[in-house]
Amino acid sequence: MSKKPDTDVNRIPEAYRPTAEEAFAANEGRVRKSDNEKGGSKRNLQYPEAPEALPVAVVDNHTHLDFLDGTVKVSAAEALATAASVGVKGLIQVGCDVPSSEFAVQLANEYSNILAAVAIHPNDAARLAESNDLRSAIERIEALAQDPRVRALGETGLDYFRTAEDGRDAQELSFREHLRIAVDHGKAVQIHDRDAHEDVVRILKSSPTPDKVVFHCFSGDQELAQICNDNGWYMSFSGTVTFKNSHALREALQVADPKLLLVETDAPFLTPHPFRGRPNASYMIPYTTRFMAQALKQDLADFCAQIDSNTREVYGEF
Ligand SMILES: [Zn+2]
C-alpha cells in the first residue's frame, strides 16, 4: 500500500490540528480507529486540508460529532465555525442509541445551527433485542422524538453487513417502530441501508411512512435511484460517491431526481477522495458537493441552492 503524503499542517483548519499531547497519543498508538476502515495502524489520522468555500451554503444532513476518530478533539462550536468558514452552515447530529440520541437533542437545543435525529441503529437494535432491552430503548427514542429540535428518526433501517441473519427480525421490528414514530410525530426518517436494499424497499412499501424518507449514505444503483424517484424518497450522497470504484453510485446520481438530492459526511467516516481513510468532518462537505455538481455538469452555485432547498423541505428551518 502506498503511503499518501501528509498534509501541510498549516492547511488543516486550526481546530483540527493536533495539540502536542494529541500528536504524542497518535504516535504511541493510543488511538481508537474508525471501525469502518481496515488495518488501522498505518492510517493517516491527520484531518485533511480545508476545501475552497462553496458559493452558496449547504447543510451536512448526517454527521456524528460525538465519534472520535484519531486523537484530535474538536468541540461542537469549533466544528460549526470551521464548517461555516467553507460554506457549510449547519448540520444534523444523528443518534445511534439512547445516549447518543440524548446527546443529539442536547446539542440541537444548545446550537441554532444543529438539528437532531434520534434512533436505535439497526445493529444496536439486534443487540438490544437479545437482552430484551429493545422495547424500552424505543420508548425512550419516542419520548426524545417529541422535542421540536428533533426533525428525523435516524439512523434506523437494516444492516445485513454487520448483523447476522438471526438479528434481522429485531432490525425489521425496530425499523417499523421508527417509521411509526416518525409518522405519529410528523418527523422525517433517515434510513441506514447496508446490503439490504430489497428489504428496505419492501418494508417502506408495506408500512405507513412519513412524508420525508431519506436514504442516508445512499448506496444503491440506478434501479434503486429510480425507485426513490418514483416514491419521492430522498437520496443523501456521502463521500463514497467520490471513491474510485463507485461506478454504480455515480450512475445512480445521474438518474436521481435533482429535487431529491442531499449531501452528508457521515463523519468521521467515509472521507471523500483523495483523503479516503483519514478522519472526516462537516467542513469537508464541499469536496463531495463540488464532485457531484461536476459529475452532473451543473453550475456549482445552482447545485448548492438546490441542495439547500431540498434540505429545508425535509428538515424545515433551523
Ligand atoms: Zn451515520
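**Close-up views of an open sheet and its helices**

**View 1. Eight strands make up one open sheet, in the order β1-β2-β3-β4-β5-β6-β7-β8, and their pairing is parallel.** Keep in mind that you're looking at a predicted model. The edges of the sheet are β1 (58-63) and β8 (261-263), and each of them pairs on one side only. If you go from strand to neighbouring strand, you'll find them turned by 30° against each other on average, direction ignored.

**View 2. Here's β5, a strand that is mostly covered.** Strand β5 covers residues 188-194, and six of its seven residues are buried. Its partner here is β4 (residues 150-159): the two pair in the parallel sense over six bridges. To find one of these spots, look for alanine 152, whose bridge partner in β5 is alanine 188. One handy thing to know about strands: in a regular one, the side chains alternate between the two faces of the sheet.

**View 3. Now zoom in on β6 and β7, which pair in the parallel sense.** Strand β6 takes in residues 213-215 and strand β7 residues 234-237, with two bridges between them. Which residue of β7 is the bridge partner of phenylalanine 215? That's methionine 235.

**View 4. Two helices, α2 and α3, sit against the strands.** Helix α2 (residues 76-84) lies across β1, β2 (88-94) and β3 (114-118), and runs at about 140° to β2. Helix α3 (residues 98-110) packs on the sheet too, where it touches β2, β3 and β4. The direction of α3 makes about 160° with that of β3.

**View 5. Helices α5 and α6 cross at roughly 20°.** Packed helices like these are described by the angle between their axes and the distance between the axes. The axes of α5 (residues 134-145) and α6 (residues 168-185) come within 10 Å. With an angle under 35 degrees, the two helices are therefore roughly parallel to each other. Their crossing is right-handed. On the α5 side you'll see Leu134, Ile138, Ile141, Glu142 and Ala145, which meet Ala170, Ser174, Glu177, Ile181 and His185 in α6. Sorted by class, the residues of this contact are six nonpolar, two polar and two charged.

**View 6. Helices α10 and α11 pack at an angle of about 115°.** How are α10 and α11 placed, roughly parallel or roughly perpendicular to each other? They're roughly perpendicular. Helix α10 spans residues 285-295 and α11 residues 300-315, with their axes 9 Å apart. This crossing is right-handed. Thr289, Arg290, Met292 and Ala293 in α10 meet Leu300, Phe303, Cys304 and Ile307 in α11. That contact has six nonpolar residues, one polar and one charged.

Terms used. Residues numbered from 1 in each chain as written. Predicted model: local features only at pLDDT ≥ 70, side-chain atom pairs only at ≥ 80, totals over all residues. Axes fitted to C-alpha atoms, helices over the stretch in contact; angles between N-to-C directions. Helix = DSSP H or I, 4+ residues; strand = E, 2+ residues; numbered from the N terminus. Parallel < 35°, antiparallel > 145°, perpendicular 65-115°, else oblique. Left-handed = near helix turned anticlockwise from the far one by under 90°. Contact = placed C-beta atoms within 7 Å. Nonpolar A, V, L, I, M, F, W, Y, C, P; charged D, E, K, R; others polar. Buried ≥ 20, exposed ≤ 12 C-beta atoms within 10 Å, placed from the backbone. Pairing = 2+ DSSP bridges.
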